[in-house]
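Reader: Could you walk me through this model and tell me what stands behind each label you use? I like to see the cut-offs next to the values.

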Amino acid sequence: PDLESAAIFFVIFPNNDFGDFYDWFVELEESWDLIDTVIIAPFHPDWDFLGEVENLQFEKRSPYPTVTLVSTRVVENAGEEVTAKTGKNNEATLLNKPIGELRSMWRRILEHE
């Protein structure tokens, strides 16, 4: 992949062998010296932040195990303010939805995979 010109790559796995898959990406990142080039961000259908408000559990969930390779350059160019604003916006959006509505939306998404 051309990591210099793309902002983000999505790698989607149609099965739930997420642990092995994520470990492989971490090893790849280290062996390719990509630490200064990409940020690895994992997503999973069963993602669970221990002790987190249930609404916020949905921030890192996806219908399939997914790893995104995000360009470090793009994140740095956007700046900490934009990154923080994005996180706060995600949190506000999730906290403003009733948990029953989020659960219902998630079930509908998983039913259509």
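Author: Gladly, and let us begin with the elements: helices (H or I, at least four residues) and strands (E, at least two) are DSSP runs, numbered from the N terminus. Pro45 is found in the loop between S2 and S3. This is a predicted model, in which local features need pLDDT of at least 70, side-chain atom pairs count only at pLDDT 80 or more, and totals for chains, interfaces and linings use all residues. Residues are numbered from 1 along each chain as its sequence is written, and side-chain values use heavy atoms, with hydrogens and water left out.

Reader: What does the secondary structure of the protein chain come to?

Author: The chain has 3 helices and 3 strands. Read from the N terminus, the order of the elements is β-α-β-β-α-α.

Reader: Why is Pro45 called buried?

Author: Buried means under 20% relative accessible area, exposed over 50%, and partly exposed in between (1.4 Å probe, protein chains only). Pro45 has a relative accessible area of 9%, so it counts as buried. Its C-alpha atom is separated by 9.3 Å from that of Trp106, and the two residues are 61 apart along the chain. Over the whole protein chain of 113 residues, buried ones make up 28%.

Reader: What makes Thr68 buried, and which residues does Thr68 touch?

Author: Thr68 lies in strand S3. Its relative accessible area is 2%, and therefore Thr68 is buried. For touching, the rule is that contact means heavy atoms within 4.5 Å. Not counting residues up to four places away in sequence, Thr68 touches Ile8, Phe9, Phe10, Ile39, Ile40, Ala41 and Phe43. For the protein chain, 70% of the contacts with a separation of 6 or more are between residues 24 or more positions apart.

Reader: How do you know that Arg103 and Glu54 meet in a salt bridge?

Author: A salt bridge is a side-chain nitrogen of Lys or Arg within 4 Å of a carboxyl oxygen of Asp or Glu. The side chains of Arg103 and Glu54 come to 2.6 Å, N to O, and meet in a salt bridge. Arg103 lies in helix H3 (residues 99-111) and Glu54 in the loop between strand S2 (38-43) and strand S3 (66-71), so the pair ties together parts that are 49 residues apart in sequence. Arg103 is partly exposed because its relative accessibility is 36%, and Glu54 is partly exposed at 37%.

Reader: How many salt bridges does the rule give?

Author: The count comes to 2 salt bridges. Lys97 and Glu101 also meet in one, at 3.4 Å from N to O. Lys97 has 32% relative accessibility, so it counts as partly exposed, and Glu101 counts as partly exposed at 35%.

Reader: What makes Ile8, Phe10 and Ile12 a nonpolar patch?

Author: Patches are made of residues with over 30% relative accessible area and no salt bridge: like charges are joined within 9 Å, nonpolar side chains (Val, Leu, Ile, Met, Phe, Trp, Tyr) within 5 Å. Ile8, Phe10 and Ile12 form such a patch on the surface, with about 310 Å² of accessible area together. Accessible areas come from the Shrake-Rupley method with a 1.4 Å probe; for residues, only the protein chains shown count as cover. Phe10 is found in strand S1 (residues 8-12). Phe10 is called exposed because its relative accessible area is 56%. The protein chain exposes about 7700 Å², and carbon and sulfur atoms supply 55% of that.

Reader: Which residues gather in the patch of negative charge?

Author: Asp20, Asp23, Glu27 and Glu30 gather there, on the surface. Lys and Arg count as positive and Asp and Glu as negative; His and the chain ends are not counted. The place of a charge is taken as NZ of Lys, CZ of Arg, CG of Asp or CD of Glu. Glu27 sits in helix H1 (residues 18-31), and at 53% relative accessibility Glu27 counts as exposed.

Reader: Why does Asn15 count as partly exposed?

Author: Asn15 has a relative accessible area of 44%, so it is partly exposed. Asn15 is found in the loop between S1 and H1. The C-alpha atoms of Asn15 and Pro65 are separated by 7.2 Å, with their positions 50 residues apart along the chain.
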